[in-house]
Amino acid sequence: MGGGTGVRRDAAPARPYGVGVNETARWQGWREASEAALYGSGGFFVRERPARHFRTSVHASPLFAGAVAELLRRLDAALGRPEELALVDVGAGRGELLTGVLAAVDRELGARLRPYAVERAPRPDGLDARVAWLPDLPEAASWTGLVFANEWLDNVPVEVAETDEAGVARAVQVAPDGAERLGPPVAGADAEWLARWWPLGGGETGVRGTGAGARPGTGPHAEPGLRTEPEPRTEAGLLRAEAGLRAEIGRPRDEAWARAVASLSRGLAVAIDYGHDRAARPPFGTLTGFRDGHEVRPVPDGSCDITAHVAMDACAAAGAEAVRSASAEAAGTGATGTGAARSAGAASGGAASAGTASGGAASGGAASGGNAPGGAASEAEDPLLLTQRDALRSLGVTGGGRPPLSLASTDPTAYVRALSSAGEAAELTDSAGLGAFVWLAQPVGVAPAALATLGLPAPA
């Protein structure tokens, strides 16, 4: 399960350059170091209970599981109420979301529901016996139903790049104590990903808004999270490749998401995370750590969660390409696209192997051409990006006001319950907190008319 928190991860973590550098330490890329620290023998997520260290939407309120149950009910109807309906929680933590959804669905749907937890940690004691516990995603086209990944992609380890004094993007290497140094120039598929999705020093507008990872402003009236010093620009209006610009290379996340999407034969795949798009990448990255409910410096020694926000538009394109590739294969064209449906990936946060799934769909993620495996037209395959605030409201989590005071005198217990529910709904949909999460929804083989019955709003 990904590294969520009740506190927004907007601030850049303290940078360890020149602090405690151990020249004899084993230097690694951040992807390799994080993989071992999080998922290796005795790693953070193998050893620790995530809820102890950070608070996700699942932990914030049972209303979240109720909203997922409502989405599942609508999807079940859109799919024609199949004999078996899968609910797959990728990065399931200790199974809290599945437990909540199973409690929220009615008996008829519950009898057909097949819940799966995809998680590297051992199965927890006392989990509902109906939940199948898997260490990895299965082969392509294994399920009909809903694949749900809440704060999973942010814990798929990635490489970090930083520009040197000459403006060259170099791999950042890290020691076990968290000290960093610049390694060789980024090359190959990682360099191609950077050029397409996160060009360091490029972009039409430079820093925009309060994007996560922006350095705090230095002026006396600077707002938190805003960089206020003048932007270095060329005559063409583009940012120069100044030293110290950083990026998290999201290619493993694209591959992981493509594999999750490809595990469906028909249904809907949903990923939820703090994210950003190409128009407003955080110029100094978002890599950080969490321990005991507090944001801490990321140190790859297994002592803390290591997380970074997600390039959601790149993942959207990868998922759309996975659908398009599967559609082409089903149509007998012999086209394989990027091979996303067959590439090894990062289930439950693991690092994906070679091959990129990010090519194909344009930035923003619309797929085109071909038919879905179930025969649906291609326009139903377009991914949808929206905020959690909008998604949950469409699923009945309204965040309404206080219940009437008259209820306090007539039914005090109901009043307290309604008051608590209103507060929880407000937290889940707060645009300055959990409501700012990005939902990426990728349909697979669902006809447009049926997809419309899910009620998810189009992005503004």
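# Notebook: loops, helices and a cavity

I started with A141, which sits in the loop between β4 (132-134) and β5 (143-150). The model is a predicted one, and I kept that in mind throughout.

**Entry 1. Two positive phi values.** I looked up the backbone of A141. Its phi is near 55°, a positive value in a residue other than glycine. Most residues other than glycine have a negative phi. I then asked whether A141 is buried, exposed or partly exposed. Its relative accessibility is 48%, so I logged A141 as partly exposed. The exposed class begins over 50%.

I went on to E151. E151 lies in the loop between β5 and β6 (159-163). Phi of E151 is also positive, near 55°. Is E151 buried or exposed? Its relative accessibility is 0%, so E151 counts as buried. I put the pair side by side in my notes: A141 is partly exposed, whereas E151 is buried.

**Entry 2. D273 and a contact across the chain.** I moved to strand β10, residues 264-273, and picked out D273 there. D273 counts as buried because its relative accessibility is 0%. Next I checked a C-alpha distance. D273 and N150 are 123 residues apart along the chain. Their C-alpha atoms are separated by 6.7 Å.

**Entry 3. A316 in α9.** Which helix holds A316? I found A316 in α9, which covers residues 312-330. A316 has a relative accessible area of 0%, so I marked A316 as buried. The cut-off for buried is under 20%. I also looked up the distance from A316 to P383. The two residues are 67 apart along the chain. Their C-alpha atoms are separated by 6.2 Å.

**Entry 4. Helix pairs.** Two packed helices are described by the angle between their axes and the distance between the axes. I looked up both values for α9 and its partner α8 (residues 251-262). The axes of α8 and α9 come within 8 Å and cross at roughly 40°. That angle makes α8 oblique to α9, because angles under 35 degrees would count as roughly parallel. I noted the crossing of α8 and α9 as right-handed.

Then I took α4 (residues 62-78) and α5 (residues 96-104). At what angle do their axes cross? I read roughly 60°, with the axes coming within 8 Å. So α4 is oblique to α5. The roughly perpendicular class runs from 65 to 115 degrees. The crossing of α4 and α5 is right-handed.

**Entry 5. Cavities.** Rolling a probe the size of a water molecule over the atoms shows where empty space is left. How many cavities of 30 Å³ or more does the structure hold? I listed five. I then opened the second largest, which has about 60 Å³ of space.

I went through its lining. The second largest cavity is lined by 13 residues. Nearest its centre lie S34, P157, V158, L287 and I306. Which elements supply at least two lining residues each? I noted α1 (30-39) and β14 (305-307). Helix α1 gives the most to this lining, with three residues. Last, I sorted the lining of the second largest cavity by residue class. Eight residues are nonpolar, three are polar and two are charged.

Definitions and conventions. Residues numbered from 1 in each chain as written. Predicted model: local features only at pLDDT ≥ 70, side-chain atom pairs only at ≥ 80, totals over all residues. Heavy atoms only, no water. Helix = DSSP H or I, 4+ residues; strand = E, 2+ residues; numbered from the N terminus. Buried < 20%, exposed > 50% of the residue type's maximum accessible area, 1.4 Å probe, protein only. 1 Å grid on protein atoms, 1.4 Å probe; cavity = no way out; pocket = protein on both sides within 12 Å on 5 of 7 lines; lining within 4 Å. Points joined across faces, edges and corners; volume = space filled by probe spheres on them. Nonpolar A, V, L, I, M, F, W, Y, C, P; charged D, E, K, R; others polar. Axes fitted to C-alpha atoms, helices over the stretch in contact; angles between N-to-C directions. Parallel < 35°, antiparallel > 145°, perpendicular 65-115°, else oblique. Left-handed = near helix turned anticlockwise from the far one by under 90°.
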